[in-house]
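The following exercises are to be worked with the sequence and the coordinates at hand. Each task is followed by a stepwise solution.

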Amino acid sequence: MSQWIDVAAEDGIFEGAAIAVTPIGHDIALYKTEAGEVFATHNICSHGHARLCEGFLEGHEIECPFHQGRFDVRTGQATLAPCVDPIRSYPVKIEAGRVWVQL
Ligand code: FES
């Protein structure tokens, strides 16, 4: 059963940056692009145990801090080796300045 969870204040994420949130035991990275769009994915790289919230966000891609593989934060698809397997992405909505993620 999916549910929407209030996970963060929208202004708690800088543009071009990521933060980690852990609603009810899920490890999720929230990203805000330079254009102000917010996306959410699983926080752990599919190639190793790196935390993507500590990576480098460029456009819609997050670069893993361990081996510089990349994922599209909109879909979770791997876009650059050594990342091959996708990571889970989560629907996001913004309401009254809060970021909600659908688990
Ligand atoms: S752990 Fe992320 S690219 Fe290797």
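**Exercise 1. Secondary structure and overall dimensions**

In what order do the elements of the chain run from the N terminus on? Determine also the dimensions of the chain.

Solution.
Step 1. The model is a predicted one. Read from the N terminus, its elements run β-β-β-β-β-β-β-β-β-β-β.
Step 2. A count by type gives zero helices and eleven strands.
Step 3. Along the principal axes, the C-alpha atoms occupy a box of roughly 40 × 30 × 20 Å.
Step 4. For 103 residues, a compact globule is expected to have a radius of gyration near 13 Å; the chain has 13 Å, so the two agree.
Step 5. Of the 103 residues, 29% count as buried. Among contacts between residues at least 6 apart in sequence, 39% join residues at least 24 apart.

**Exercise 2. The sheet that contains β3**

Establish the strand order of the open sheet that includes β2 and β9, and follow its pairings from one edge to the other.

Solution.
Step 1. The four strands are arranged in the order β2-β3-β4-β9, with antiparallel pairing. The edge positions belong to β2 (17-21) and β9 (89-90), each of which pairs on one side only.
Step 2. Five bridges connect β2 with β3 in the antiparallel sense. Within this pairing, Ala17 lies opposite Lys32, and Ala20 lies opposite Ala29.
Step 3. The hairpin of β2 and β3 has six residues between its strands, and Ile24 there adopts a positive phi near 35 degrees.
Step 4. β3 and β4 are likewise antiparallel and are joined by five bridges; Tyr31 has Phe39 of β4 as its bridge partner.
Step 5. The hairpin of β3 and β4 has five residues between the strands, and Gly36 in the turn shows a positive phi of about 90 degrees.
Step 6. Strand β4 (residues 38-42) is joined to β9 by two bridges, again antiparallel. Here Ala40 has Tyr90 as its bridge partner.

**Exercise 3. Burial of β3 and the nonpolar core**

Are the faces of β3 covered or open? Relate the result to the largest nonpolar core.

Solution.
Step 1. In a regular strand, side chains alternate between the two faces of the sheet.
Step 2. For β3, one side carries Ile28, Leu30 and Lys32 and the other carries Ala29 and Tyr31; all are buried, and both faces are covered.
Step 3. Since five of the five residues of β3 are buried, the strand is largely enclosed by the rest of the structure.
Step 4. The largest nonpolar core has 24 residues, and those with the most contacts inside it are Ala18, Ala29, Leu30 and Tyr31. Two or more residues each come from β2, β3 (28-32), β4 and β11 (98-102). The greatest contribution, four residues, is that of β3.
Step 5. Leaving aside residues up to four places away in sequence, Ala29 touches Ala18, Ala20, Ala40, Thr41, Asn43, Leu52 and Cys53.

**Exercise 4. The second open sheet**

Which strands form the open sheet that includes β6, and in what order?

Solution.
Step 1. The order is β5-β6-β7-β8, with antiparallel pairing.
Step 2. At the edges stand β5 (56-58) and β8 (78-80); each has a single partner strand, so one side of each lacks a neighbour in the sheet.
Step 3. From one strand to the next, the twist averages 30 degrees.
Step 4. Two bridges pair strand β7 (residues 70-72) with β8 in the antiparallel sense, and Phe71 stands opposite Ala78 in β8.

**Exercise 5. A residue before the first strand**

Is Gln3 buried or exposed? Locate this residue in the chain and give its C-alpha separation from Trp100.

Solution.
Step 1. Gln3 belongs to the segment before β1 (4-9).
Step 2. Around Gln3, 10 other C-beta atoms lie within 10 Å. The criterion for an exposed residue is 12 or fewer, so Gln3 is exposed.
Step 3. Gln3 and Trp100 are 97 residues apart along the chain, while their C-alpha atoms are separated by 9.7 Å.

Terms used
Residues numbered from 1 in each chain as written. Predicted model: local features only at pLDDT ≥ 70, side-chain atom pairs only at ≥ 80, totals over all residues. Pairing = 2+ DSSP bridges. Core = buried A, V, L, I, M, F, W, Y, C linked by C-beta atoms within 7 Å. Buried ≥ 20, exposed ≤ 12 C-beta atoms within 10 Å, placed from the backbone. Contact = placed C-beta atoms within 7 Å. Rg over C-alpha atoms; globule rule 2.2 N^0.38 Å. Axes fitted to C-alpha atoms, helices over the stretch in contact; angles between N-to-C directions.
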